[in-house]
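Got your viewer open? Grab the mouse and get ready to click through this one stop by stop.

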Protein chains: 2
Amino acid sequence: MSLFSKKKSISVQTIRRLPQYLRVLYDWHGYGRELASSTELAQETQIPPIVIKKDLQAIGAPSKMRAGFKIKGTISAIENFLGWDNLNKAFLVGAGHLGAALLGFSGFKNHGLEIVAAFDTHPERVGNEIHGVHVYHTAQLKSIIEDKKLKIAVLTVPGPAAQGITDTLVACGIKAIWNFAPVKLAVPKGVVVQQEDIASGLAELCACLKTK
Amino acid sequence: MSLFSKKKSISVQTIRRLPQYLRVLYDWHGYGRELASSTELAQETQIPPIVIKKDLQAIGAPSKMRAGFKIKGTISAIENFLGWDNLNKAFLVGAGHLGAALLGFSGFKNHGLEIVAAFDTHPERVGNEIHGVHVYHTAQLKSIIEDKKLKIAVLTVPGPAAQGITDTLVACGIKAIWNFAPVKLAVPKGVVVQQEDIASGLAELCACLKTK
DNA sequence: GAGATGTAGATATTTTTATATCCATATAAT
DNA sequence: ATTATATGGATATAAAAATATCTACATCTC
């Protein structure tokens, strides 16, 4: 029995469902509710109750046998599991339309992310503030990453620029990249890349339309 | 042996991978290449060659036994499967930051989507053009949907407004909704909703960071 | 207090998806 | 021509995920 026995390898799908639970639980918590059951969560999220039960079980959310799950405790369990209970300092590279949209999304504070800087190469963007976040020139990446101790990069540059920026980020010691460019990034082992591909969702929608 | 035997029920994951193949194939096609193998695609996309082989097999992409897959034919097969070989007229509701970013994304033309109208309620947005697309008031939804024979809705409104707009869209006969609001939409059977949840990807990234 | 009810917990089963293995064959090198 | 090689095709295996089933128990109703 090792210290690593805790690692039950929670499935990716489970992880992707957690934010959905969180949203509903936040809502209910705001109304002063204290307990919620899998079946109630199922009604709200349209996810089968058995799946919810297993997901919450997997991350060790505290529950009461008959009464369901404690809302406050479940929120804490999810936040803790995702590391959303304390803020990671992040920055954004590529302050174009999408970048600006992300900078304007206030919800990240609830998601463990605090975007404290933005970078771009366009002269008309550099030096401005977008939604309260200063835009630096990309040339300053290294110094500011070190200075502000930034950990997570949000990449919203055009596809052709993505790999070049990534190489710079890796050289700066960044270990986590949230990539919105439609490019598969090559990174050394130990660097986590989360690919956000808008086309995948559209493909799903279109395929569903065609077969229907 | 029915006529429906063709329906091999292609997996969602396969569908979500198709756009990745497409991007690489477009690129190679642009260079005048004619043949590509699973292993080559695997190198470029970092997807295991066996998966690629099965995916392309599943949608019936034409191939040559030894030489690999015909790039042109594979592109056609994917485009045809996804219905991306002819444009669907779409519109966008919610011309905020994210909406504007999507309107500025020219790539949709390659993805079977042509956004020909936008809607919003803010007086300062209504009447403007964003990236060449006119912004109408949401009150005009019904008439313009019918007038322009629009089929697909892209929903980029704030969460609280999403369900209300959805009800209107359903009443207008819209059958496909691409939803970027972090809300699970309730729709009648027969209406396809594709949920785009940015928090899921972030959760994946954070969980990956924590367990590493 | 007794029983009905709905819940989490644990386990088992099924389904889906990914991965591996072997084979026939077209191509390229010799 | 001959051989080596890399590929798609087909099948089999493994892994992952979803779903079902059963049990024990806390709460509620009467």
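Here is a short tour, with something to select at each stop. Keep in mind that this is a predicted model.

**Stop 1: the two protein chains**

Start by colouring chain A and chain B separately. How many residues does each chain bring to the contact? Chain A puts in 52 residues, and chain B puts in 52 residues. Together the two chains bury about 4800 Å² between them, with 68% of that on carbon and sulfur atoms. Now pick out Ile198(A), Leu202(A) and Leu205(A): within chain A, these lose the most area to chain B, and together they make up 13% of what that side buries.

**Stop 2: a pair of crossing helices**

Next, select helix 8 of chain A (residues 198-211) and helix 4 of chain B (residues 71-82). Their axes come within 7 Å of each other and cross at roughly 70 degrees. Because of that, helix 8 of chain A is roughly perpendicular to helix 4 of chain B.

Show the side chains where the helices touch. From helix 8 of chain A you want Ala203(A), Cys206(A), Ala207(A) and Lys210(A), and they meet Asn80(B), Phe81(B) and Leu82(B) from helix 4 of chain B. Sorted by class, this contact has five nonpolar residues, one polar and one charged.

**Stop 3: DNA strand C**

Now move over to DNA strand C. Which residues come nearest to this strand? Out of the 21 residues around it, look for Ser63(A), Met65(A), Arg66(A), Arg17(B) and Arg66(B).

Zoom in on a few polar atoms in chain A:

- Ser38(A) has a polar side-chain atom 3.1 Å from a phosphate oxygen of strand C.
- Thr39(A) has a side-chain N or O atom 3.1 Å from a phosphate oxygen of strand C.
- Lys53(A) has a side-chain N or O atom 3.4 Å from a base oxygen of strand C.

To see where the surface near strand C comes from, highlight the elements that give two or more residues to it: helix 2 (38-45), helix 3 (49-58), strand 2 (63-64) and strand 3 (68-70) of chain A, plus helix 1 (12-30) and helix 3 (49-58) of chain B. The largest share, three residues, comes from helix 3 of chain B. By class, the surface has six nonpolar, eight polar and seven charged residues. What part of the DNA is facing you here? Of the strand C atoms within 4 Å of the protein, 72% belong to sugar or phosphate, and the rest to bases.

**Stop 4: DNA strand D**

Last stop: select DNA strand D. It is surrounded by 21 residues, and the closest are Ser11(A), Arg17(A), Ser38(B), Ser63(B) and Met65(B).

Some pairs to zoom in on:

- Arg17(A) places a polar side-chain atom 3.0 Å from a phosphate oxygen of strand D.
- Lys53(B) has a side-chain N or O atom 3.4 Å from a base oxygen of strand D.
- Ser63(B) has a side-chain N or O atom 2.7 Å from a phosphate oxygen of strand D.

Elements giving two or more residues to this surface are helix 1 (12-30) and helix 3 of chain A, along with helix 2 (38-45), helix 3, strand 2 (63-64) and strand 3 (68-70) of chain B. The residues here divide into six nonpolar, eight polar and seven charged. As for the strand D atoms within 4 Å of the protein, 73% belong to sugar or phosphate, and the rest to bases.

Conventions: Residues are numbered from 1 along each chain as its sequence is written. Chains are lettered from A and ligands numbered from 1 in the order in which they are written. This is a predicted model: local features need pLDDT of at least 70, side-chain atom pairs count only at pLDDT 80 or more; totals for chains, interfaces and linings use all residues. Side-chain values use heavy atoms; hydrogens and water are left out. Axes are lines fitted to C-alpha atoms, for helices over the stretch in contact, and angles run from 0 to 180 degrees between N-to-C directions. Helices (H or I, at least four residues) and strands (E, at least two) are DSSP runs, numbered from the N terminus. Angles under 35 degrees count as roughly parallel, over 145 as roughly antiparallel, 65 to 115 as roughly perpendicular and the rest as oblique. Contact means heavy atoms within 4.5 Å. Ala, Val, Leu, Ile, Met, Phe, Trp, Tyr, Cys and Pro count as nonpolar, Asp, Glu, Lys and Arg as charged, and the others, Gly among them, as polar. A residue is near a molecule or strand if one of its heavy atoms lies within 4 Å of it. A polar contact is a pair of N or O atoms within 3.5 Å; within protein, one must be able to donate a hydrogen and the other to accept it, and residues adjacent in sequence count only if both atoms are side-chain atoms. Buried area is the accessible area (1.4 Å probe) that two parts lose on being put together, summed over both.
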